[in-house]
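Student: Got a minute to go through this one with me? I'd like to start with a single residue and work outwards.

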Amino acid sequence: EIRDPFVFARGNMYYMLLGGKTKNEEGALLLYQSADLLQWTFAGEISLPIDTGYMIECPGIIEIDGKDVLFLCPMGLKEETLKYHNQFPTVYLIGHLDVDHLTFTMEAMDEGDCGFDYYAPQPFYGKDHTPMLAAWFGCGEQNLPTDEEMWKHGLTMTRSLKLVNHRLCSYVDDDINALFTKTDHFKDRSLLTKSNHYHLSFTMSGDHNQWVKFGDQEDYWTMSIDTENNTILLDRSHLQIPVDVDNGLKRLTAGLDQDHYQVDIYVDNSFVEIYLEKGLKTFSLRCFNLSDSAHWITFADTCEGTISYL
């Protein structure tokens, strides 16, 4: 199996990455090269220093601060306590791709997003050559309420990319943030939103488990941060309309080993994107408990922040 071409330029040549599977049922990353984008020559299989699963999909690569960031979707990675809970995971590798020797030297690796519904990130350069990406907002063979309306997934918001302390930092593009012009300040334990399209920004801190809940007592999802054990938990097991039950209703991941977090949450009806520390940790998820024109947000303790609307 071979699919998902990604074309990029390097020097005077063009190169194409292709995801694939070997006859031994192992994931493979293939490289082709061309001088004119028309005639292509197979260069070979790139040696990767990771478990490639049984199939690689949706490769992509971009240069950030002199480093190559390689995106892969290796199907069949073994689930770990704090990683790879989705049916099909997404990872990024920071290092250097040697197109002549068909190797990738890796300096760091992590999941591309720690939520339920994220796949196939596509990197590109935006204005002023800013590294960016957009990803598929969905993952795997899910059954969703919108299936009855003949549509299923979507795309994430475009994200600007940078490297911070050997981590990929991806955050909502400035042009999108500029659209949220109507801002309310709050200092309370709960608030009622004005619509189902907003940007919520606050700091979550404390020496014990902190959480934020979206919805009412009968229909809600939560994010909680355990600073003592350095873990972050997303839980959508309390939704009246369950989402992708077969692949689990909770996502537990490692935190950033700090006692407070800047949290930015973007909600657009059923699409939710969460950013910690301006994108050092991200979560993308679908939730169908926001059908009314407004809903409640509740915090573990009194919280201060802003909520902005389009």
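Tutor: Sure. Let's begin with Asp4, which is partly exposed because its relative accessible area is 26%. Keep in mind that this is a predicted model.

Student: Okay, and where does Asp4 lie?

Tutor: Asp4 is in strand β1, which covers residues 2-10.

Student: What's up with the phi of Asp4?

Tutor: Phi of Asp4 is near 65°, so a positive value in a residue that isn't glycine. In general, most residues other than glycine have a negative phi.

Student: Glu25 caught my eye too. What is the phi there?

Tutor: Glu25 has a phi near 60°, again a positive value in a residue other than glycine.

Student: And which elements flank Glu25?

Tutor: Glu25 sits in the loop between β2 (13-21) and β3 (27-34). With 46% relative accessibility, Glu25 counts as partly exposed.

Student: Let's zoom out. How many helices and strands does the chain have?

Tutor: There is 1 helix, and there are 23 strands.

Student: How does the radius of gyration compare with that of a compact globule?

Tutor: For 310 residues, a compact globule would come out near 19 Å, and the chain has 20 Å, so the two agree. The C-alpha trace spans about 60 × 40 × 40 Å along its principal axes.

Student: What share of the residues is buried?

Tutor: Of the 310 residues, 54% count as buried. As for the surface, the chain exposes about 14600 Å², with carbon and sulfur atoms supplying 49% of that.

Student: And what about contacts across the sequence?

Tutor: Take the contacts between residues at least 6 apart in sequence: 56% of them join residues at least 24 apart.

Student: Charges next. How many positive and negative ones are there, and how far apart are their mean positions?

Tutor: The chain has 23 positive and 48 negative charges, and their mean positions are 1 Å apart.

Student: Switching topic: how many disulfides?

Tutor: The structure holds 0 disulfides.

Student: Why no bond for Cys139?

Tutor: The closest cysteine sulfur to that of Cys139 is in Cys73, and at 8.0 Å it is too far for a bond. A disulfide would need the two sulfur atoms within 2.5 Å. Cys139 counts as buried, because its relative accessibility is 3%.

Student: And Cys287?

Tutor: For Cys287 the closest cysteine sulfur is the one in Cys139, 15 Å away, so that pair is too far apart for a bond as well. Cys287 also counts as buried, at 1% relative accessibility.

Student: Now loops. Where is Thr158?

Tutor: Thr158 is in the loop between β11 (154-155) and β12 (159-164). It counts as partly exposed, at 25% relative accessibility.

Student: Which residues does Thr158 contact, leaving aside its neighbours within four places in sequence?

Tutor: Its partners are Phe124, Met132, Leu133, Ala134, Tyr171, Val172, Asp173 and Ile176. Thr158 and Tyr171 are 13 residues apart in sequence, with 8.2 Å from C-alpha to C-alpha.

Student: Last one, Pro242. Which strands does its loop lie between?

Tutor: The loop holding Pro242 lies between β18 (231-235) and β19 (250-254). Pro242 is partly exposed, with a relative accessible area of 46%.

Student: How far is Pro242 from Asn289, in sequence and in space?

Tutor: Pro242 and Asn289 are 47 residues apart in sequence, and their C-alpha atoms are 9.6 Å apart in space.

How values were computed:
Residues are numbered from 1 along each chain as its sequence is written. This is a predicted model: local features need pLDDT of at least 70, side-chain atom pairs count only at pLDDT 80 or more; totals for chains, interfaces and linings use all residues. Side-chain values use heavy atoms; hydrogens and water are left out. Helices (H or I, at least four residues) and strands (E, at least two) are DSSP runs, numbered from the N terminus. The radius of gyration is taken over C-alpha atoms; the globule rule is 2.2 Å times the number of residues to the power 0.38. Buried means under 20% relative accessible area, exposed over 50%, partly exposed in between (1.4 Å probe, protein chains only). Contact means heavy atoms within 4.5 Å. Accessible areas come from the Shrake-Rupley method with a 1.4 Å probe; for residues, only the protein chains shown count as cover. Lys and Arg count as positive and Asp and Glu as negative; His and the chain ends are not counted. The place of a charge is taken as NZ of Lys, CZ of Arg, CG of Asp or CD of Glu.
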